[in-house]
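I opened the model today to look at one helix and what packs around it. My notes follow in the order I looked things up.

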Amino acid sequence: MPIATKSDKIDISSEKKIEDLANLFLKKLKIGDVIFLHGEMGVGKTTFVKYLINSLQKMNSLTLTEVTSPTFNLLNEYQINDVKINHYDLFRIQSFREVKDLGIFEDYPKVITFIEWPQLIKNKPKNLIELEFNYENNYQKRSVKIKGINFNLFNEK
């Protein structure tokens, strides 16, 4: 069954649908990718990252770790064998200077970067994928739009 609806929106109204999307997304993810996660609080950004990281851990026979929002830390790091996952949350960041001081785009080998609340980032990296999480129907449903990956890839069986 395809994960997409007739539009370019993907329904993520349940945790199972978010998990399914994370597993499909994982198949297209490459080292060096930067993923911007846009959307209101509670719409599923961190849940998506949690399922993706836990799936990577399972695939590599690693112990599953708790994946939480890095709102107060600004950064949570996860090591999956020789690949590092950086998960940033810039909600509390107030200026471009603060973003720059974090060194988000320093040249690290074998890193995949997820960034929640990326609005202050001026120069978008070339290897960018953007996910726009949205509430719909008076918060009864949630959806996501993906930019930067061929959307048709998510309609494969």
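Is Leu-24 buried, partly exposed or exposed? I checked this in a predicted model. Leu-24 is partly exposed, because its relative accessible area is 24% and buried means under 20%. I placed Leu-24 in helix H1. I also took a distance from Leu-24 to Leu-52. The two are 28 residues apart in sequence, and their C-alpha atoms lie 9.2 Å apart in space.

Next I looked at H1 itself. The helix runs over residues 15-28, which makes 14 residues. From first C-alpha to last, H1 reaches 20 Å, close to the 20 Å expected at 1.5 Å a residue.

Which residues of H1 are buried? I listed Ile-18, Leu-21, Ala-22, Phe-25 and Leu-26. I then looked down the axis of H1. The buried residues fall within an arc of 140°, so they line one face of the helix. On the other side of H1, I found Lys-16 and Lys-27 exposed.

I asked what covers the buried residues of H1. The cover includes two helical or strand elements early in the chain list, strand S1 (10-11) and strand S2 (34-38). It also includes helix H2 (45-59), strand S6 (128-136) and strand S7 (141-147).I then turned to H2 and picked Ser-55, which lies in that helix. Ser-55 is buried, with a relative accessible area of 10%. Leaving aside neighbours within four places in sequence, I found Ser-55 in contact with Asn-23 and Leu-26. Leu-26 is one of the buried residues of H1.

How many residues does the largest nonpolar core have? I noted 30. Those with the most contacts inside this core are Phe-25, Ile-35, Phe-48, Leu-52, Ile-85, Phe-114 and Leu-131. I went through the elements that give two or more residues to this core. They are H1, S2, H2, strand S3 (75-80), strand S4 (83-89), strand S5 (111-116), S6 and S7. H2 gives the most, with six residues.

I followed Phe-48 further. Again I left aside neighbours within four places in sequence. Phe-48 is in contact with Ile-18, Leu-21, Ala-22 and Phe-25, among others. These four are also on my list of buried H1 residues. The other contacts of Phe-48 are Leu-37, Phe-114, Leu-131 and Phe-133.

Last, I noted a second, separate core of eleven residues. Val-34, Leu-74, Leu-90 and Leu-128 are among them.

Methods
Residues are numbered from 1 along each chain as its sequence is written. This is a predicted model: local features need pLDDT of at least 70, side-chain atom pairs count only at pLDDT 80 or more; totals for chains, interfaces and linings use all residues. Side-chain values use heavy atoms; hydrogens and water are left out. The expected span of a helix is 1.5 Å times one less than its number of residues. Buried means under 20% relative accessible area, exposed over 50%, partly exposed in between (1.4 Å probe, protein chains only). The arc is that of the directions from the helix axis to the C-beta atoms. Contact means heavy atoms within 4.5 Å. A nonpolar core is a set of buried Ala, Val, Leu, Ile, Met, Phe, Trp, Tyr and Cys residues joined through side-chain atoms within 4.5 Å.
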